[in-house]
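Visitor: I have a chain on my screen and want to learn to read it. Where do we start?

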Amino acid sequence: MKAIANVDFSPLVPDLAETSCILIVDDEERIRAAYRQLLAAPGRSIEECSTGVEALSRLDRRDVDILILDLNLPDIHGLEVMEWMLSKHVPTAVVVFSGDESIDSAIRALRHGAFEFIRKHGSPQELIDTVDRLQRRRRIEREHALMTVRLEQSERLHRFLVEQSPDIIYTLDRDGCFIFVNGRVEALLGYARDELLGKHYSLIVHPEDVEHARFAFNERRIGDRASTNVEIRLQTKTQGVRHFENRTIVTILSSQGIYAATEGPATQHFMGTSGVARDISDRKKAEETIAFQAFHDLLTGLPNRILFKDRLGIALTQAKRKGKRLGVMFIDIDRFKLINDSYGHHEGDELLKCFAERARNCLRSGDTLARQGGDEFTVLLPDLSSAEDAAFIAEKLLAELKLPFKIAGMDFFTTVSVGIALYPDDGENAELLIRNADIAMYQIKGRGKNGYLQFTPEMISGHNMRLSLENDLRLALESGGDQFELHYQPQVSHRDARTVGMEALIRWHHPRLGLMAPDSFIPLAEETGMIINLGDWVLEHALSQFADWRGKGFTDLQLAINLSPKEFDRADLPGRLLRRLEAHGIPPEALDVEITENLLMKDAEKNIDMVRQLRNNGLRISIDDFGTRYSSLNYLRRFPINSIKIDQSFVRDLNAGNSSSTSIIHAISCIARSFGLRILAEGVETEAQRQLLSGLACDDMQGFLFSRPLSAAEFEAFLSSSAFPSRAPTSIN
């Protein structure tokens, strides 16, 4: 080595300041410009191509050092560019920088020789660091290549190049023992070269790979037929040398036979085998990570829906062969949205991870818990003796959840809704079992949550009807709302014997089911998000009709409309209401916006501000169904409302002999008076109820005793000819 160190290399070492050529291939000009600016640095020449064909033409000149390649090009796919480079032996290093989120694309890119696969949505620093590493690597490669060409005839300089190689380079004798190995073996495996010289190659080969490695380490062939890229695990030495986190590294091995002429130029004598082993542990780890991500949920580490269906398919095959039963559970965490809305998605993620851990502890060793997405999980229960086995596991899970979760430092109690489907009773394939378990889960949710239910065939009809109704509702809205109609229920002042307002109530003329009341489709609209479009339709048609009545002289009426809580998630609510009122020439104080008590608790600060904006612009605010939910006096004090509506459930129980119902309404009436609020009772159906309400200082009423909800024409007649007329019209158009 001293002789090598004394050699003068100065005329042979390339200029380290040599310019590196970087080619950016992307079809979007703005992205190419951003990459150019991001990667600009001294010693770099950056070029651009917008298509794959342009890239091939440029790469064919073989002077590009680094290729930044997008996979989705307008003419040919980026992988085709890489395949062309492999076939043409173009030495350019490739960094795939793509917006393609496909796991398969990442794996294929790495297997096509990509140095790195980086997603566009990642950190820009990752691309910068990768290009810096590649540039340094390319410089080293250029140095090695130049030295190889210039010093081909010099054994000493050739040995220097071998020693500087990032790969293990070795020579074996005919018996497979090391006669030469470069210094790289110490950095990668922890062995000094003297420890290996004279030792058999099996010393460094993983025991499970010895048979596989035998052919490569004893290779006799040369040229194209010799072994290339054989994947073999090598063992590291850990005692007395250095600490290794992993006892093995993964390498790709290329080798060929060594021959010497003996008795003339045509005769060769086999002397041994030489080879190169390259460490690809990082690449293998990346491939394994990508493969894991393809089949597992990254948050919980559980199998995802793809892996779950695969395991379920295998379990079904075994169950059919052995005549066994198996079960599928579909689990939904109740009230999970409350955590995200109240504490944020970070705490929601923590709840999901804690739930996954608890649920795993409730299962048998052979069961599979998987995350379907969001707050939905599935469980595979193979080898069940009876349906009671699945029920027992569900009960165990429900019991486990009686203990609270720690969320944001507070105890949070949650429950789950569990649907169960059994093979072969409830389905004979994976899709059917998962679907039926899902249907059963929704059934238990509809019954109050916090429980489990096994699928029955009767559930299908209800599920299909719901899906059909959802589709019909969407079509009705998309067609312009011709199937909808507004009815108006009078609100009267019995003391003044006049109508003071009306509540707009929507009806749906379903093509098959006939006239449908709001209770049969409004919850569906809320759940699917169609309530916003439905609410816009109600508001526009109600205000249009209201403006018509005001034009006929009925100017003392107030129009009450119900707003969905989802409307308060939109910051433009006050502006939209005011624009529509102005368009129809209706003063804001003539509109009474009814909200539910749920709104008092959900994101109270935001909703208080929203209600205050509505009040400051002159609109009136009422709390509908007061007393049935939270009834917080603190929130009632803070919300700037005008009136409260006593729920019909309290009115229905009113009778002279029921002191409790009378006391409740009396208490509500006192609360309203103390806050200076108007009070209106809904659901008044009998004269006895009316008299008791009047005695409790509740004179404004609404109910069948006075009128059912009426069509627009019927309501206009009611205003003129009923026992509770509105102020006589001053002019009739």
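Guide: Start with contacts between residues at least 6 apart in sequence. In this predicted model, 63% of them join residues at least 24 apart.

Visitor: What share of the residues is buried?

Guide: Buried means under 20% relative accessible area. Of the 733 residues in the chain, 48% are buried. The chain exposes about 36,200 Å². Carbon and sulfur atoms supply 50% of that area.

Visitor: How many helices and strands are there?

Guide: The chain has 27 helices and 26 strands.

Visitor: How do I read a sheet?

Guide: Strands of a sheet pair through backbone hydrogen bonds, either parallel or antiparallel. Take one open sheet of 5 strands here. Its order is 12-13-11-16-17, and the pairing is mixed.

Visitor: Why do strand 12 and strand 17 each have one side without a neighbour in the sheet?

Guide: Strand 12 (368-373) and strand 17 (451-454) stand at the edges. Each has a single partner strand, so one side is left without a neighbour in the sheet. From one strand to the next, the twist averages 20 degrees.

Visitor: How do strand 11 and strand 13 run, parallel or antiparallel?

Guide: Antiparallel. Strand 11 (residues 325-333) is joined to strand 13 (residues 376-384) by 7 bridges. Find Val328, which stands opposite Leu380 in strand 13.

Visitor: Which helices pack on the sheet?

Guide: Helix 12 (residues 305-322) is one of them. Helix 12 touches strand 11, strand 12, strand 13 and strand 16 (416-423). Its direction makes about 140 degrees with that of strand 12. Helix 14 (residues 345-361) also packs on the sheet, touching strand 11, strand 12, strand 13 and strand 16. For helix 14, the angle with the direction of strand 12 is about 155 degrees.

Terms used: Residues are numbered from 1 along each chain as its sequence is written. This is a predicted model: local features need pLDDT of at least 70, side-chain atom pairs count only at pLDDT 80 or more; totals for chains, interfaces and linings use all residues. Side-chain values use heavy atoms; hydrogens and water are left out. Helices (H or I, at least four residues) and strands (E, at least two) are DSSP runs, numbered from the N terminus. Buried means under 20% relative accessible area, exposed over 50%, partly exposed in between (1.4 Å probe, protein chains only). Contact means heavy atoms within 4.5 Å. Accessible areas come from the Shrake-Rupley method with a 1.4 Å probe; for residues, only the protein chains shown count as cover. Two strands pair if DSSP finds at least two bridges between them. Axes are lines fitted to C-alpha atoms, for helices over the stretch in contact, and angles run from 0 to 180 degrees between N-to-C directions.
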